[in-house]
Amino acid sequence: MKKTTFIQPDPKAWLDTFHFEIPIKIRYCETDMLGHVNNVSYFMYFEQGRIEYFENLGLTEDLFSDKKVSVVADLECQYLAQLYLKDPLKLHVRVAEIGRSSMDVQYAIVVDGALKAAGRGTIVLIDTASGKSTPIPDSARERISTFEGWM
(Lines give C-alpha, C1' and ligand atoms only; values in the text may rest on other atoms or scores of the structure.)
Protein backbone atom coordinates (compact mmCIF):
# COMPACT_ATOMS: atom_id res chain seq x y z
CA MET A 1 0.00 0.00 0.00
CA LYS A 2 1.48 3.34 -1.06
CA LYS A 3 1.27 6.05 1.56
CA THR A 4 0.82 9.75 0.83
CA THR A 5 4.09 11.54 1.50
CA PHE A 6 4.65 14.76 3.39
CA ILE A 7 7.75 15.40 1.25
CA GLN A 8 6.08 18.06 -0.91
CA PRO A 9 6.25 19.27 -3.61
CA ASP A 10 9.49 17.31 -4.22
CA PRO A 11 12.53 16.31 -2.09
CA LYS A 12 14.71 19.27 -3.13
CA ALA A 13 12.01 21.90 -2.54
CA TRP A 14 11.05 20.22 0.75
CA LEU A 15 14.67 20.22 1.97
CA ASP A 16 14.94 23.91 1.15
CA THR A 17 12.26 24.65 3.80
CA PHE A 18 14.56 23.56 6.66
CA HIS A 19 16.57 26.20 8.57
CA PHE A 20 18.16 24.01 11.25
CA GLU A 21 20.58 21.12 10.93
CA ILE A 22 23.01 19.17 13.08
CA PRO A 23 25.65 16.58 12.25
CA ILE A 24 25.02 13.04 13.52
CA LYS A 25 27.86 10.61 14.13
CA ILE A 26 26.70 7.04 13.65
CA ARG A 27 27.88 4.75 16.42
CA TYR A 28 28.87 1.16 15.75
CA CYS A 29 26.13 -0.12 18.09
CA GLU A 30 23.51 1.51 15.83
CA THR A 31 24.38 -0.77 12.91
CA ASP A 32 23.75 -4.40 12.02
CA MET A 33 26.25 -7.04 10.88
CA LEU A 34 26.19 -5.67 7.32
CA GLY A 35 27.01 -2.14 8.48
CA HIS A 36 23.51 -0.77 7.85
CA VAL A 37 22.03 1.62 10.37
CA ASN A 38 19.26 -0.15 12.28
CA ASN A 39 15.76 1.24 11.64
CA VAL A 40 15.28 2.10 15.34
CA SER A 41 18.30 4.42 15.30
CA TYR A 42 16.54 6.89 13.01
CA PHE A 43 14.05 7.64 15.79
CA MET A 44 16.90 8.33 18.22
CA TYR A 45 18.35 10.78 15.69
CA PHE A 46 14.95 12.48 15.39
CA GLU A 47 14.77 12.87 19.17
CA GLN A 48 18.29 14.29 19.37
CA GLY A 49 17.54 16.78 16.60
CA ARG A 50 14.20 17.82 18.07
CA ILE A 51 15.76 18.55 21.48
CA GLU A 52 18.65 20.49 19.92
CA TYR A 53 16.18 22.47 17.77
CA PHE A 54 14.18 23.52 20.84
CA GLU A 55 17.37 24.27 22.82
CA ASN A 56 18.67 26.38 19.92
CA LEU A 57 15.47 28.45 20.04
CA GLY A 58 15.66 28.81 23.84
CA LEU A 59 12.42 26.87 24.37
CA THR A 60 13.58 24.32 26.93
CA GLU A 61 11.77 25.98 29.83
CA ASP A 62 8.58 26.53 27.80
CA LEU A 63 8.38 22.93 26.60
CA PHE A 64 10.19 20.86 29.29
CA SER A 65 9.73 21.82 32.93
CA ASP A 66 8.17 20.61 36.18
CA LYS A 67 4.81 22.04 35.08
CA LYS A 68 4.78 21.19 31.36
CA VAL A 69 6.38 18.51 29.24
CA SER A 70 6.38 17.79 25.52
CA VAL A 71 5.50 14.23 24.57
CA VAL A 72 5.53 12.40 21.26
CA ALA A 73 1.99 11.59 20.15
CA ASP A 74 2.98 9.92 16.88
CA LEU A 75 6.18 9.45 14.91
CA GLU A 76 6.92 8.01 11.50
CA CYS A 77 9.89 7.49 9.23
CA GLN A 78 10.09 6.96 5.49
CA TYR A 79 13.27 5.02 4.72
CA LEU A 80 14.41 6.15 1.28
CA ALA A 81 17.94 4.69 1.07
CA GLN A 82 20.27 2.73 3.33
CA LEU A 83 22.60 4.41 5.80
CA TYR A 84 26.03 3.02 6.71
CA LEU A 85 28.43 3.37 9.62
CA LYS A 86 30.77 5.88 7.97
CA ASP A 87 28.08 8.07 6.35
CA PRO A 88 28.41 11.78 7.28
CA LEU A 89 24.80 12.41 8.36
CA LYS A 90 23.16 15.80 8.56
CA LEU A 91 19.82 15.87 10.34
CA HIS A 92 17.50 18.71 9.38
CA VAL A 93 14.62 19.63 11.72
CA ARG A 94 11.70 22.02 11.36
CA VAL A 95 8.33 22.73 12.88
CA ALA A 96 5.92 22.50 9.96
CA GLU A 97 2.74 23.49 11.80
CA ILE A 98 1.57 24.59 15.26
CA GLY A 99 -1.85 23.84 16.71
CA ARG A 100 -3.32 24.85 20.07
CA SER A 101 -1.28 22.39 22.14
CA SER A 102 0.60 20.43 19.50
CA MET A 103 3.06 20.85 16.69
CA ASP A 104 4.04 18.86 13.64
CA VAL A 105 7.81 18.39 13.53
CA GLN A 106 9.55 17.15 10.38
CA TYR A 107 12.98 15.58 9.95
CA ALA A 108 15.27 14.97 6.99
CA ILE A 109 18.36 12.75 7.10
CA VAL A 110 20.80 13.78 4.41
CA VAL A 111 24.15 12.31 3.31
CA ASP A 112 26.27 14.34 0.89
CA GLY A 113 23.20 16.30 -0.25
CA ALA A 114 21.05 13.19 -0.86
CA LEU A 115 17.86 12.65 1.14
CA LYS A 116 18.14 9.22 2.78
CA ALA A 117 15.18 9.31 5.18
CA ALA A 118 12.32 11.61 6.10
CA GLY A 119 10.26 11.71 9.25
CA ARG A 120 7.45 13.57 10.91
CA GLY A 121 5.70 13.47 14.21
CA THR A 122 3.24 15.24 16.45
CA ILE A 123 4.50 16.67 19.72
CA VAL A 124 1.91 17.57 22.36
CA LEU A 125 2.48 19.88 25.33
CA ILE A 126 1.11 18.26 28.50
CA ASP A 127 0.33 19.81 31.88
CA THR A 128 2.14 17.52 34.34
CA ALA A 129 -0.40 18.08 37.14
CA SER A 130 -3.50 17.17 35.11
CA GLY A 131 -1.92 14.94 32.46
CA LYS A 132 -3.94 16.82 29.83
CA SER A 133 -2.83 18.88 26.87
CA THR A 134 -2.15 22.55 27.51
CA PRO A 135 -1.74 25.49 25.12
CA ILE A 136 1.70 26.17 23.68
CA PRO A 137 2.84 29.52 25.14
CA ASP A 138 2.61 32.53 22.82
CA SER A 139 6.32 33.24 23.37
CA ALA A 140 7.21 29.77 22.03
CA ARG A 141 4.87 30.23 19.06
CA GLU A 142 6.50 33.56 18.25
CA ARG A 143 10.05 32.19 18.42
CA ILE A 144 9.20 29.22 16.21
CA SER A 145 7.22 31.37 13.75
CA THR A 146 10.04 33.89 13.47
CA PHE A 147 12.71 31.20 13.09
CA GLU A 148 10.71 29.29 10.48
CA GLY A 149 9.96 32.51 8.55
CA TRP A 150 6.17 32.39 8.93
CA MET A 151 5.92 36.00 10.14
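Contact, as the word is used here, means heavy atoms within 4.5 Å. With that in mind, a good place to enter the structure is Phe64, which touches Ile51, Phe54, Val69 and Ser70 when residues up to four places away in sequence are not counted. This is a predicted model, in which local features need pLDDT of at least 70 and side-chain atom pairs count only at pLDDT 80 or more, while totals for chains, interfaces and linings use all residues. Residues are numbered from 1 along each chain as its sequence is written, and side-chain values use heavy atoms, with hydrogens and water left out.

Phe64 is found in the loop between helix H3 (60-63) and strand E2 (68-79), where helices (H or I, at least four residues) and strands (E, at least two) are DSSP runs numbered from the N terminus. With a relative accessible area of 26%, Phe64 is partly exposed, a class that lies between buried, under 20% relative accessible area, and exposed, over 50% (1.4 Å probe, protein chains only). The C-alpha atom of Phe64 is 26 Å from that of Thr17, a residue 47 places away along the chain.

Strand E1 (20-24) shows two faces, a covered one with Phe20, Ile22 and Ile24 and an uncovered one with Glu21 and Pro23. In a regular strand the side chains alternate between the two faces of the sheet. E1 pairs with strand E3 (residues 89-98) in the antiparallel sense over 5 bridges, pairing being taken as at least two bridges found by DSSP between two strands, and Glu21 stands opposite His92 in E3.

After E1 comes a loop that leads to helix H2 (39-56), and Thr31 lies in this loop. Thr31 counts as buried because its relative accessibility is 15%, and a polar atom of its side chain lies 2.7 Å from the backbone oxygen of Tyr28. Leaving out residues up to four places away in sequence, Thr31 touches Ile26, His36, Val37, Asn38 and Leu85.

Further along the chain, helix H4 (residues 138-148) has Ala140, Ile144, Ser145 and Glu148 buried. Seen down the axis of H4, these buried residues fall within an arc of 125°, so they line one face of the helix; the arc is that of the directions from the helix axis to the C-beta atoms. They pack against H2, H3, E3 and strand E4 (102-111), whereas the face turned away from the buried side carries the exposed residues Asp138 and Thr146. Just after H4, Gly149 takes a positive phi of about 80°.

Which residues touch the most other members of the largest nonpolar core? A nonpolar core is a set of buried Ala, Val, Leu, Ile, Met, Phe, Trp, Tyr and Cys residues joined through side-chain atoms within 4.5 Å, and in the largest one, of 31 residues, they are Leu91, Met103 and Ile109. The elements that give two or more residues to this core are E1, H2, E3, E4, strand E5 (114-127) and H4. Apart from it lies another core, of 9 residues, among them Phe18, Ala108, Val110 and Ala118.

The cysteines complete the tour. A search of the whole structure finds 0 disulfides, a disulfide being a pair of cysteine sulfur atoms within 2.5 Å. For Cys29 the nearest cysteine sulfur, that of Cys77, is 18 Å away. Cys29 counts as exposed because its relative accessibility is 60%, whereas Cys77, at 14%, counts as buried.

Note on methods:
Polar contact = N/O pair within 3.5 Å; in protein donor to acceptor, adjacent residues only side chain to side chain.
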